[in-house]
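Let's take a walk through this one, helix by helix, and stop wherever the backbone does something worth a second look. Have the viewer open as you read.

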Amino acid sequence: MAGSYFQLDHLAVGYRGRPLIEDISLSIEKGEIVALIGPNGAGKSTILKTITRHLAMIDGNVSINDQKLSELSYRSLSTQVAVVLTEQMKPELMTCRDVVATGRYPYTGKLGILSREDEVKVDEAMEAVHAKELESREFNAISDGQRQRILLARAICQEPDTIVLDEPTSFLDVRYKLELLSILRKMAKEKQITVILSLHEIDLAEKLADKVLCVKGDRIFQYGVPEEIFQEETIRELYGIDNGYFDPCFGSIELPRPQGEPEVFVISSCGKGIPVYRRLQKEDIPFGAGILYTNDIDYQLARLLASEVVAEKPFCEIGDDAYEKAVNLIQRCRRVVDAGAEIGSCNRRLKELLTDAERQGKLYRV
Amino acid sequence: MREENSIEARPELPRDRIRRRSRYAAVFAILTAAFCIIVVWNVNTGNVQISVGQILKILFGGAEEGVESNIIWKIRLPRIFMAAILGGALSLSGFLLQTFFGNPIAGPFVLGISSGAKMVVALTMIYFLKISSSVSSYALIFAAFIGSLISIGFILLVSKRIKHMATLLVAGIMIGYICSAVTDFIVTFAEDSDIVNLHGWSLGSFSGMSWSNVSVSVMIVGITLFLTILMSKPIGAYQLGEAYAQSMGVNIKRFRIALILLSSILSACVTAFAGPISFVGIAVPFLIKRSLNTARPLVVIPATFLGGAVFCMVCDLIARMAFAPMELNISTVTSIFGAPIVIFMMLRQKGGR
């Protein structure tokens, strides 16, 4: 079966001969980044372990570069696929450079002595992950973020065509996450290295990956480009979210909205409403929002958090319909908050709403 | 500051690596010197005082046969060599087991491997002595090897179910007790004439070694040492953990079997000749790794062997001389020096984690 670089055909994976996920078929092109997402225990690691041959495949076939995985020797597999695993290792008395240098294993001679050329490769790999200054530090004494970079350097040093990473961002803070992922991105694009990784952070997956594989327990839920996958419904169903929201635009997740009749009406525009919405949500006060243009950034969040949103089509004047709704909402609410709405020529009717609220003694300015 | 450093370091070997290599060289030099000194000292020490001049004459001058020449050639020299070879073998066996289990406190004695070997050897000795008057060294080594494998087999069964290292050690110690109990049982019900040799041996001693023992163990240990050095590359990979080793191209199944076989042969050889000897297998690799400040197998393997040889020769000297003419069991001495080191290691490990 010629074609893609990395191919899974009706692959079944699992433990001890019992399949956990069956019939996985997909193809990955060279230089692509594929992210596996899905709930905890859904089998992301099982799939990764199977394609790196740490677990025996139960059925189906994996081929790399038109060679069957089961027919490759461990040695030749090691020159094609390198790994960064979740398990914490504690090698005794090894400096970071020693750890990186183990990546040269497939290329050194019988006794594993590094040649000049190998040393240069080690230097390059360490520079690629910006870890040159760590080289003589002891591996067990560095931080999680640094450790993850060193392990990535080790994998790069192995000069593979594919790097498989199992939850590489697990122990990292935001800064290291971004750094690690941008290194991966660069590697994939510049060196045409295929990257297959599992991620917990769906927002990062959306931004990093070329393709996304959604794994859900017993099956592959979906496989495709991020634009297809990161829809509100897909994500909610994949993770079984019933008490929260996923915002496909920014890949962020939100806590559930306060339940009940709106008590407060927030008038805002141009992002001014966001802090107010969040505040109200934390206080668990149900609120309405408006009148928002559907292209307003406030609208994106209000949709998820507000019990009622009065919306208007972008670049139009506020119509009577929307205006009536807003007036009605103000009547029902205890309070009206002016979040500092920017008011221009199209949405000038907001001014009327504000005066109306003031007359009723409900207006409160932020 | 950093840039300056890297520019300076580029053309030559970085300072780091030079420092490392000189450290390796220093450790090896010290070990070799200690080895030579302790050999001379050992030859020169004993219940019968023999002057240095006479010793040199006996060794190199081809002096006439006599009591003194017999003492040197037939008693002291083979004993010294055996202590060196078996000490090296024991330490190396410990290092291999530590690699295998990823635990610095693993060793042939604590995991019950020596006791397993002892049990089968005792059985063999009694059985063979019934049908013939002597047992060949090879038969004893083979028996010890089988015994080691039985113990390791149990340990592996346990370690498959329980990943926790402390539990593994407890299991090893229990297996050791069971094997010792069986041995005691056999010994109790054997006839006195069958167990004359057995008693001294089962407590561990380098006394009564012959040149034929030396040649057999040189051969077996020599080959095993050579094979172990050839395996230093996959051992290095395995130090990162099984999964990483496999991803670097190591055939894990084959590698694990090889590791078990090599360490069993080594500890079997020791047990067959000198009985079970405690703590050397843990203490020596630890000391060597600390002093080299690395765990690189290619350096650690020969250094561990050399270090084990020195350690056992020193202990044997003490065993012989501390309460002369009474002789101590070798394990008594190795425990006195080895056990505190092991306790120290355990304390450090707790603190480290």
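**A walk through the two chains**

Start at B:Val40, which sits in helix α2 of chain B. Keep in mind that you're looking at a predicted model. B:Val40 has 13 C-beta neighbours inside 10 Å, so it counts as partly exposed. Look across to B:Val52: the two are twelve residues apart in sequence, and their C-alpha atoms are 9.3 Å apart in space.

Now zoom out to the whole of α2(B), which runs over residues 15–44. How far should a helix of 30 residues span at 1.5 Å a residue? The expected figure is 44 Å, and the end C-alpha atoms of α2(B) are 43 Å apart, so the two agree. The buried residues of this helix are B:Leu31, B:Ile38, B:Asn42 and B:Val43. Some of those positions make sense if you recall that an α-helix has 3.6 residues a turn, so residues three or four places apart point the same way. As for what lies over the buried residues of α2(B), the cover includes α3 (52–61), α4 (67–101) and α14 (297–321) of chain B.

One of those covering helices, α4(B), leads on to a helix pair. A pair like this is described by the angle between the two axes and the distance between them. α4(B) packs with helix α9 (residues 211–230) of chain B at an angle of about 30 degrees, the axes being 10 Å apart. That angle makes α4(B) roughly parallel to α9(B), since the cut-off for that label is under 35 degrees. Their crossing is left-handed. On the α4(B) side, the residues making the contact include B:Phe81, B:Met82, B:Ile85, B:Leu86, B:Ala89 and B:Leu92. From α9(B) come, among them, B:Trp211, B:Val214, B:Val218, B:Val221 and B:Leu225. Sorted by class, this contact has 13 nonpolar and four polar residues, with no charged ones.

While you're at α9(B), find B:Ser212, which belongs to that helix. Is B:Ser212 buried or exposed? It counts as exposed, because it has 11 C-beta neighbours inside 10 Å. B:Trp201 is eleven residues from B:Ser212 along the chain, and 17 Å separates their C-alpha atoms.

For another helix pair, move to α6 (residues 137–161) and α7 (residues 165–189) of chain B, which pack at an angle of about 150 degrees with axes 10 Å apart. Here the crossing is right-handed. The contact is made by B:Ser151, B:Phe154, B:Ile155, B:Val158 and B:Ser159 from α6(B), facing B:Leu168, B:Ala171, B:Gly172, B:Ile175 and B:Cys179 from α7(B). The class tally is seven nonpolar, three polar and no charged residues.

Next, follow the backbone to B:Phe279, in the loop between α12 (252–274) and α13 (280–292) of chain B. Most residues other than glycine have a negative phi. B:Phe279 isn't a glycine, yet its phi is positive, at about 70 degrees. It counts as buried because it has 25 C-beta neighbours inside 10 Å.

Step from there into α13(B), whose 13 residues reach 18 Å from the first C-alpha to the last, close to the 18 Å expected at 1.5 Å a residue. This helix is mostly covered, with ten of its 13 residues buried. Those buried include B:Val280, B:Ile282, B:Pro285, B:Phe286 and B:Leu292, along with B:Lys289. Just after α13(B), B:Asn293 takes a positive phi of about 55 degrees.

Chain A has its own backbone surprises. A:Asp284 lies in the loop between α10 (273–283) and β14 of chain A, and it has a positive phi of about 60 degrees without being a glycine. A:Asp284 is exposed, because 10 other C-beta atoms lie within 10 Å. Then look at the bond between A:Gly290 and A:Ile291: this peptide is cis, with omega about -15 degrees. A:Ile291 is part of strand β14 (residues 287–293) of chain A.

Finally, where do the chains meet? The contact takes 23 residues from chain B and 22 residues from chain A. On chain B's side, the elements giving two or more residues are α10 (232–238) and α11 (242–247). That side divides into nine nonpolar, ten polar and four charged residues.

Notes: Residues are numbered from 1 along each chain as its sequence is written. Chains are lettered from A and ligands numbered from 1 in the order in which they are written. This is a predicted model: local features need pLDDT of at least 70, side-chain atom pairs count only at pLDDT 80 or more; totals for chains, interfaces and linings use all residues. Helices (H or I, at least four residues) and strands (E, at least two) are DSSP runs, numbered from the N terminus. The expected span of a helix is 1.5 Å times one less than its number of residues. A residue is buried if 20 or more other C-beta atoms lie within 10 Å of its own, exposed if 12 or fewer, and partly exposed in between; C-beta atoms are placed from the backbone. Two residues are in contact if their C-beta atoms, placed from the backbone, lie within 7 Å. Axes are lines fitted to C-alpha atoms, for helices over the stretch in contact, and angles run from 0 to 180 degrees between N-to-C directions. Angles under 35 degrees count as roughly parallel, over 145 as roughly antiparallel, 65 to 115 as roughly perpendicular and the rest as oblique. A crossing is left-handed if the near helix is turned anticlockwise from the far one by less than a right angle, and right-handed if clockwise. Ala, Val, Leu, Ile, Met, Phe, Trp, Tyr, Cys and Pro count as nonpolar, Asp, Glu, Lys and Arg as charged, and the others, Gly among them, as polar.
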